[in-house]
Amino acid sequence: MSEAIFGHRSLTKADFPSQFDMATATFEPLPANLAEIQVRIEGYARDYGLDFYPTIFELVDADQLNAVAAYGGFPTRYPHWRFGMEYEQLSKGYTYGLQKIYELVINNNPCYAYLMRCNGLVDQKLVMAHVYGHCDFFKNNYWFSQTDRKMMDEMANHGNRARRYMDRFGVEEVETFIDACLSVEDLIDVHSPFVKRFENRDKYDFGKAADQEDEPPLPGRFQSKDYMEPFINPPHVLSAEVDRLRKEREQQSRFPAEPVRDVMLFLLEHAPLKPWQLDVLSIIRDEAYYFAPQAQTKIMNEGWASYWHSTIMTRQGLEPADIINYCDHHSGTLASSPNKLNPYKLGIELFRDIEDRWNRGRFGKAYEECDDWTAKRNWDTKAGLGRQKIFEVRKIHNDLTFIDEFLTLEFCREYKLFSFGYNPSTDAYEIESREFPKIKQQLLFNLTNIGRPLIAVRDANYKNRGELFLEHQFNGVELKTSYALDTLVNLHRLWTRPVHIETVLDGAATILSFDGTEHKTEKSGEIKT
Amino acid sequence: MRIEHDLSRFKQIVRGKIRQNLRKYVTHGELIGRKGRELVSIPLPQLDVPHFRYGKNGSGGVGQGDGEEGTQLGPGGESPGGAGQAGSDPGAHILEVEVSLEELALILGEELELPRIEPKGKPNIEQKKARYSSVRRSGPESLRHFKRTYMEALRRQISSNTYAPDSPRIVPIRDDKRYRAWTETELPEANAVVIYMMDVSGSMTDDQKEIVRTAAFWLDTWLHSQYRGVETRYIIHDAAAKEVDEETFYHTRESGGTRISSAYKVCVDLIAREFPPTDWNIYCFQFSDGDNWGEDNEKSLELLTDALLPQVNLFCYGQVESPYGSGEYIRSLEHAFGDGVSKLIVAEIENKEAVYPCLKRFLGTGV
């Protein structure tokens, strides 16, 4: 997707050119002065060791940029009202001078990036430097390694397929189905591209339990003399063993055997859908997997790009006359308005912090265990490993591991971080804590699974009636009930049999259900905390 | 452009023209604008696709800045600055913008409309009225502007040295001649009059009058930006009613009892006198705390049913919440008319924030 900088400089109302047909128009090549700047900036970026796919800049005006941004950075997508809504919001925000997109870059080979025509020359330089940071990140960060690098073409194909289905089966029909798919688009397993969750089953392997369906399972015993029997094979151990075996057998007879996090894949494989519906569902799923790493690495990605635009611009890119404009826009991007956490700011400062620590050798056992405050403060082994370290970090980490590994107490103090939460008694958000562990925990929670609840398919033959049973892996935070109920309606459209989700409401385990006509909420009894 | 197609699809859904089932997900996000010291919001309708999401107790996050533990960051309605999603928020800053009154009315204009406006007016009225207001170099002799022509000729003669002060004879040539010319002004095709009625009785506190005036002010601003030739009339009443000018309407302080029927009476007279319904679209907006004198209700309803409703295009009644009164008038209206009369719209306005929803109820396009 787009990595969009929403600067917050107000502009005057711009005159939009009238209708512009983007589908038929090709963007024009860069004018000579910008092309020359691109060559220079690209040279600087390479000299610093950044490594990226060929990068193509397109010059667009505000209206085109808003349209492209609404499509998630792509010139065309499948038809859907959601993009129209995004566009409306972006263009209204732009018209009223509330926000402005500075740059947009697509993870693709070659990388495509957009420059806004009305930006000043300094802005264009800054954006280019920033874009090369993103391109390097896209190419080298491990979490992007499984994304489709020909997504530009793929998205266009998706659009054509969806349009063809709309022509054949009706706009309303297909759009309604897309809505249902979008409702479950976040029920994917972001780690699945990297691990093998299931062994390929041999088709003649019917499971050990297949023949002994009705016999109770037999626990393993040690040989013993009669009088030693209670000691060598204690009865409670034996009964525990029987329970374990029984559970295991249950597990195997259940379908799916293990909870499946990739709900979309499960639906693709098992839901009774028509071929065109399967295709639409797989389109939405492919796109969800394509966009997931960008949500997973927002802080790092923006931090990395900001680090490089700042480095390149301040060391080589700037003419003396550019300084004021550059500073103005750079600080606008990194501005943290009171009580807001800006991922650009957090990212760049963490990268700088890491670079500084590894330059001065402030890591490892000796440093951690040092109790002397002054010694620790003046610690400097002249290790000079900073640059090397940040390149390594950008290769292997995502936001979750990045914060887990590198957010330090000192950093929290210096940047006045705090955690906040909702206080029902005052109906307001309040600062909860300034303690380092709590802040870190809160931030990690927000980043886990991209800030979304963990949900998996537990049983696709619930009550032996082919009903779909999902479980919410409860971690202390309840679901928004109204949304959950509506999501069930959409899920039912895909599964076509009653659907259920087990979650926790008001401290009690609860099953929310939808059977095609009405909702049911059932306390399943056990109290969880 | 493809995005235009998606945009029109979205707008149709929001307006409820297609996909009715989706409308319940419409929420109204907003941009914050600023007018003088007042903050105004620019409405941005939003449609949510439902997902499994964390509820309110999970909407905490990490922020940055000063403040003690327990410092409030913002009301519970929305998460402060979206920091709850530190990882995925695009860092969109909601900022305040200066918005002019005209722009604001334009923004409102996308959301509101004057319902049931019809082309009315005297059939023999000319659509265009000519008024002699300027001067041209050509025209019929009958319209020759003698003074201007003389001036031009004099000027030419002086500058070309053919003017003799001793025998001042001025002979205009063709280039000197000036003619009266007219400009055409268009008459509004649909005449509309808006009549505001406000209860200024003792039970209306200053706060409530403020709310009413805010509502009336926005109605006025919007109407004038959208429709040309809208007449406005103001009526205030306590136990007795009178027609007043704009200045008085917005600034008067009165006290006394409440007889809504008195305002209706004045309104009926006004319509009879100046705005025959055959020629005018008539819109009435009445604001009160609903604390009418008991025996007056019947009379009011009678006047409304028999005299007012048949004549007007729309009758809106907005009731502000009263700290004293019973506010029963709105209920007697609802009781008497139910939902059956589409010309009558009632709304309750609890506080200043409710002014906008109230306007939308009165003039909403269904957005």
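Helices and strands are DSSP runs, numbered from the N terminus. In these terms, A:Thr496 sits in the loop that joins helix H20 (481-495) to strand E10 (499-505) of chain A. The structure described here is a predicted model, and a good place to begin is how confident the prediction is. The mean pLDDT of chain A is 85, with 88% of its residues at 70 or more. Residues 1-25 of chain A are another matter, as pLDDT stays under 50 there. Where pLDDT is low, the predicted coordinates should not be read in detail.

Some loops hold backbone details that are worth a look. Returning to A:Thr496, its phi is near 65°, a positive value in a residue other than glycine. This residue counts as partly exposed because its relative accessibility is 42%, and the buried class ends at 20% while the exposed class starts over 50%. A:Lys463 also has a positive phi, near 55°, and is likewise not a glycine. The loop that holds A:Lys463 runs between strand E8 (455-462) and strand E9 (467-472) of chain A. With a relative accessibility of 44%, A:Lys463 is partly exposed too. A further loop, between strand E4 (103-106) and strand E5 (111-116) of chain A, contains A:Pro110. The peptide bond leading from A:Asn109 into A:Pro110 is cis, with omega near 0°.

Turning to the aromatic side chains, a search of the whole structure finds 42 aromatic pairs over all chains. One of them joins A:Trp308 and A:Phe391 in a tilted arrangement, with 5.8 Å from centre to centre and 50° between the planes. Because A:Trp308 belongs to helix H11 (residues 298-317) and A:Phe391 to helix H16 (residues 386-396) of chain A, this pair ties together parts that are 83 residues apart in sequence. Both A:Trp308 and A:Phe391 are buried. An edge-to-face pair is formed by A:Tyr367 and A:Trp379, whose centres are 5.1 Å apart and whose planes meet at 80°. Here A:Tyr367 lies in helix H14 (residues 364-368) and A:Trp379 in the loop between helix H15 (373-377) and H16 of chain A, so the parts tied together are 12 residues apart in sequence. A:Tyr367 is buried, at a relative accessible area of 8%, and A:Trp379 counts as buried at 17%.

Ring pairs also build up a cluster, whose members include A:Tyr48, A:Trp304, A:Trp308, A:Phe391 and A:Phe406. Finally, lysines lie over some rings. A:Lys376 is placed over the face of A:Tyr367, at 5.1 Å from the ring centre, and A:Lys480 over the face of A:Tyr483, at 4.4 Å from the ring centre.

Terms used. Residues are numbered from 1 along each chain as its sequence is written. Chains are lettered from A and ligands numbered from 1 in the order in which they are written. Side-chain values use heavy atoms; hydrogens and water are left out. pLDDT is the predictor's confidence in each residue, from 0 to 100. Contact means heavy atoms within 4.5 Å. Helices (H or I, at least four residues) and strands (E, at least two) are DSSP runs, numbered from the N terminus. Buried means under 20% relative accessible area, exposed over 50%, partly exposed in between (1.4 Å probe, protein chains only). Rings of Phe, Tyr and Trp (its six-membered ring) pair if their centres lie within 6.5 Å; planes under 30 degrees apart count as stacked, over 60 as edge-to-face and the rest as tilted. A charge sits over a ring if NZ of Lys or CZ of Arg is within 6 Å of the ring centre and within 35 degrees of the ring normal.
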